Structure formats: C-alpha cells, structure tokens
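The following questions and answers introduce a structure to a reader who has not met it before. Each answer proceeds from the evidence to the value or name requested.

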Amino acid sequence: MPPQSGASAGNPETEPGVPRLFTWEEVGLRTGKGNFKKERWLVINRKVYDVSQFYLRHPGGLHLIRHYSGQDATAAVKAFHKDEDLIKKYLNSLLIGELTPDQPSCEPTKNEMLVHDFHELRTKVEKMGLLKSSVPFFAVIFLHAFLLDVASWFTIWYFGKTWVPFLIGVTLFTVSQIQYGFFQHDLGHISVFQKPKWNRLAQTFVIAFLKGFPKSWWTDMHNQHHAKPNCFQKDPDLVMHPFVFSLGKSLSVELGKKKKKYMPYQHQHKYFILLAPLTFVIFAYLVVLRYVVKKKQWSELIIILFYNFRMCLMYVPLMGFKTFMAYYWLARLLESAWFIWVTQMNHIPMNINYDQNLDWVSCQLTGTCNVDHSWFNDWFTGHLNFQIEHHLFPTMPRHNYYKVAPLVKSLCAKHGVHYVCKPILTAFADILHSLKEYGQDWQEAYLHE
C-alpha cells in the first residue's frame with residue numbers, strides 16, 4: 001500500500017499497522033500555525049507525537065512542550081532527560097505516526113548537517129562519561145555554602161550587631177545564598193546524583209528550606225528558559241521586557257514603532273545597575289507567592305513560611321526585628337545584583353527575538369555566550385561562565401564543562417557558527433553597551449516612525 005499523507009491518515013479506513021505519514025507542513029498546521037485546529041504535535045526522531053493532553057501533566061512544566069509544538073524536539077528531549085527508557089514509556093502512548101520518507105530529519109529551515117553532527121557529538125560525550133558527576137565535588141560545593149551560612153549567624157551571635165559584624169554577616173549570608181542558588185541549580189538539572197529522584201529531593205531541601213523558594217516555580221521557569229533562550233514570549237527571563245527594559249534590537253524597534261513607552265529606555269543602561277536587582281527582588285517574591293497560591297502548591301507554601309519563621313527565630317533574638325529586616329533585605333538585594341550580572345552577561349548582549357525555530361545548537365549559540373575559564377570565574381558564576389556548554393548539555397555536571405568546550409568549539413568552527421567567549425569584565429560592560437544600543441534603537445523608531 002502506498003504511503004499516506006497526514007490528511008488521509010485521519011481517515012478511519014486507514015489499514016491497521018500502516019503508519020500514518022506526515023509532512024512538516026502538516027505538523028505545523030495542526031499546532032495552530034495555520035487554520036487547522038490547535039492540536040499540539042511535535043517530532044522526535046522522525047516520529048510524530050500528539051501531546052495535546054500530555055503537556056498539561058508534563059513533570060517539567062506544561063509550557064516546555066508547548067514551546068515546541070509543531071517543531072523538531074529531538075535534541076531538546078535528549079538534552080533534558082537522562083532516563084531514556086522512561087521517556088519511551090511515555091512517548092509510546094502518544095505516537096500517532098511519522099514523517100514521510102521524502103521529508104528531512106529536521107525541518108527544512110534548519111541546518112541538517114549541523115543537527116546530525118551534534119547528535120554524534122552527544123553520543124561521544126556520553127561515551128566519554130562527561131554526563132557522570134563527581135559527588136565529592138558537589139559535596140564540597142554544598143559544604144562551603146553551608147559553612148558560610150553558619151558563619152553569618154555566628155558572627156552576629158558572637159560579635160553583636162554593630163556595623164562591622166553586621167556588614168560581615170550580610171556578606172557571608174549573601175555569598176552562602178548565591179552559592180546555595182548555584183547548587184540547587186545543579187540539582188534542578190539532574191546533574192549531581194545519577195537518579196533523578198535524589199536530585200529532586202535534594203533540590204527541594206536546598207531551594208525551599210535553605211533559600212525559601214518553591215521548587216515547582218523554579219523548574220517551570222528555568223526549563224522554559226533552557227528550551228528557548230532569548231525567545232520573546234517563550235523565555236520567562238525576558239519578562240521585564242518591555243515594562244522595565246527594552247531588550248533586543250528588533251523588539252526595541254517594534255516597541256518604538258508602536259509608540260510604547262513604559263520607561264525612558266534611552267537611559268536604561270544607567271538605571272539598570274540599581275533598578276534591575278531591586279525589581280528582581282520585588283518581582284520574584286510577588287510572583288512566587290502568586291504562583292504557589294494559583295497552582296495550589298500548599299506544601300511548598302508551608303515550607304516557605306517555615307523558612308521565614310526559622311530565619312526570624314535565628315536572628316531576631318540577636319538583633320531585633322528592624323535590624324534583622326535591614327540585614328535580610330540588604331543581603332537579598334546584593335544576592336539579586338550578583339545573580340543579575342552573572343546571568344545576564346551571557347544573554348542580554350546576544351540575539352533576542354521571537355522564536356525563529358532554529359535547530360538546538362543554533363538556538364543555544366545565538367542566545368548564549370561564554371566567559372573565560374579561571375578558578376575565580378568558575379566559582380563566582382557557579383560555572384555559568386560556560387553558558388554555551390551548559391545550554392547544549394543541561395544535565396552535564398558543571399565540573400565537566402571545560403572538558404567538552406573544545407569539542408563544541410570544533411563543531412562550531414566546522415559549521416561556521418559563532419562561538420562567543422570573552423573576559424568577565426568585558427561581559428559585564430557588554431550588558432550596559434547592549435542596553436544603550438537597544439535604547440537608542442527604540443528611541444530612533446519612537447521619534448521617527
């Protein structure tokens with residue numbers, strides 16, 4: 001019997017055992033890119049899956065699969081999951097067909113040779129054991145953060161709340177919290193323990209009991225960022241565009257043409273230093289509370305309340321409530337500034353736009369860049385100075401990034417993909433330079449259109 005297209009595949013008279021065959025156009029149309037009904041289909045290894053209902057109960061968050069509707073998700077699925085047998089178990093019940101033999105393995109808009117070579121690189125990385133973690137390494141990471149946390153309390157307990165111990169305590173608490181943040185990030189990417197269950201349990205302990213944030217919120221937001229970095233309306237990290245900052249050349253021009261002016265964007269490179277951390281602190285806490293209530297994550301809400309009660313119980317008797325509030329919120333503001341500069345140096349200077357449906361490698365390379373490798377840069381950034389490798393292999397333990405970096409560079413050189421790496425101070429300066437350029441792009445479009 002000759003192969004059937006997706007249109008005839010929907011016919012109930014199709015013979016049993018004959019796979020339903022689809023073109024890329026049909027896969028895209030069925031997901032709302034055209035006039036067909038908005039079923040959610042995606043392609044993995046040339047097979048077509050209907051995730052119209054499954055995406056609502058997807059453990060990694062409902063948005064993650066939705067962002068790949070009508071697209072090739074092969075590399076993304078491979079990157080996010082360690083347990084292939086478990087994935088196959090879920091996918092088998094969602095399979096509805098496959099691509100017709102004349103269709104390319106990836107969408108026509110993508111670089112098929114680059115996709116092929118990256119799959120080979122992924123296989124090589126697995127054989128080299130670079131996805132296996134060193135538990136002692138992460139034990140040291142956690143221990144040093146925990147000792148700094150204890151030292152911050154001990155400083156106030158022993159020396160009192162005068163200015164010098166106050167500032168030393170704030171510094172120690174800030175460093176411990178940012179390092180806890182980097183460690184829970186490792187756990188969230190299933191890169192510390194071999195079994196996902198142990199990573200999830202440990203992450204809940206660190207992010208909830210030691211930092212006071214819900215794991216489910218972080219998982220939902222961060223997975224989306226990794227799936228589509230710097231893609232407006234898909235990457236939650238761009239949520240401050242356009243209400244506080246105008247990001248990306250094309251988006252800034254679009255904003256200017258529409259005469260949108262929520263802030264004086266031509267000055268955003270000046271107010272970024274203070275307003276970005278302050279906005280992030282306020283935004284994060286308000287959004288977190290809204291998220292746990294809306295999603296009815298009552299257990300996480302209880303843990304958050306317990307964290308705040310524990311902090312008050314530890315510090316208020318030593319310094320009083322008002323001084324503790326100053327101590328705590330100053331530390332959170334400093335932590336926020338640290339976090340903002342470290343994470344945005346890899347993204348704001350890069351391409352920011354709507355989803356262009358690029359292949360996995362190109363998507364990650366256009367939205368991320370690296371910062372030079374050194375012991376200080378590695379520690380200060382939680383190894384997020386290797387943002388490219390982290391995005392290409394999100395489950396890889398951070399202590400192996402420097403090992404895979406030369407392989408990634410070779411892949412990029414072979415296919416003419418730009419691999420950006422810069423000194424850390426240059427990376428910081430590029431945030432402000434980019435913001436200034438985006439602001440000028442907005443202003444020019446706003447005034448002259």
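Q: Which residues have the most contacts inside the largest nonpolar core?
A: The model is a predicted one. Its largest nonpolar core has 41 residues. Those with the most contacts inside this core are Trp360, Leu392, Phe393 and Val408.

Q: Which helix supplies the largest share of this core?
A: Several elements each supply at least two residues of the core, among them β2, α6 (112-127), α15 (360-367) and α18 (401-415). The largest share amounts to six residues. The helix that supplies this share is α18.

Q: Which histidines is Trp360 in contact with, leaving aside its neighbours within four places in sequence?
A: With those neighbours set aside, the contacts of Trp360 include Tyr68, Phe80, Phe118 and Leu392. The histidines in contact with Trp360 are His226 and His391.

Q: Why is one side of β1 and of β2 left without a neighbour in the sheet?
A: The open sheet has four strands in the order β1-β4-β3-β2, with mixed pairing. β1 (21-22) pairs with β4 (residues 95-99) in the parallel sense over two bridges, and Leu21 has Glu98 as its bridge partner in β4. One side of β1 and of β2 (41-44) lacks a neighbour because both stand at the edges, each with a single partner strand.

Q: Is Phe146 buried, partly exposed or exposed?
A: Phe146 lies in helix α7 (residues 135-159). Together with Leu143, Leu147 and Val150, Phe146 makes a nonpolar surface patch of about 340 Å². Its relative accessibility is 36%, between the limits of 20% and 50%, so Phe146 counts as partly exposed.

Definitions and conventions
Residues are numbered from 1 along each chain as its sequence is written. This is a predicted model: local features need pLDDT of at least 70, side-chain atom pairs count only at pLDDT 80 or more; totals for chains, interfaces and linings use all residues. Side-chain values use heavy atoms; hydrogens and water are left out. Two strands pair if DSSP finds at least two bridges between them. Patches are made of residues with over 30% relative accessible area and no salt bridge: like charges are joined within 9 Å, nonpolar side chains (Val, Leu, Ile, Met, Phe, Trp, Tyr) within 5 Å. Accessible areas come from the Shrake-Rupley method with a 1.4 Å probe; for residues, only the protein chains shown count as cover. A salt bridge is a side-chain nitrogen of Lys or Arg within 4 Å of a carboxyl oxygen of Asp or Glu. Buried means under 20% relative accessible area, exposed over 50%, partly exposed in between (1.4 Å probe, protein chains only). A nonpolar core is a set of buried Ala, Val, Leu, Ile, Met, Phe, Trp, Tyr and Cys residues joined through side-chain atoms within 4.5 Å. Contact means heavy atoms within 4.5 Å.
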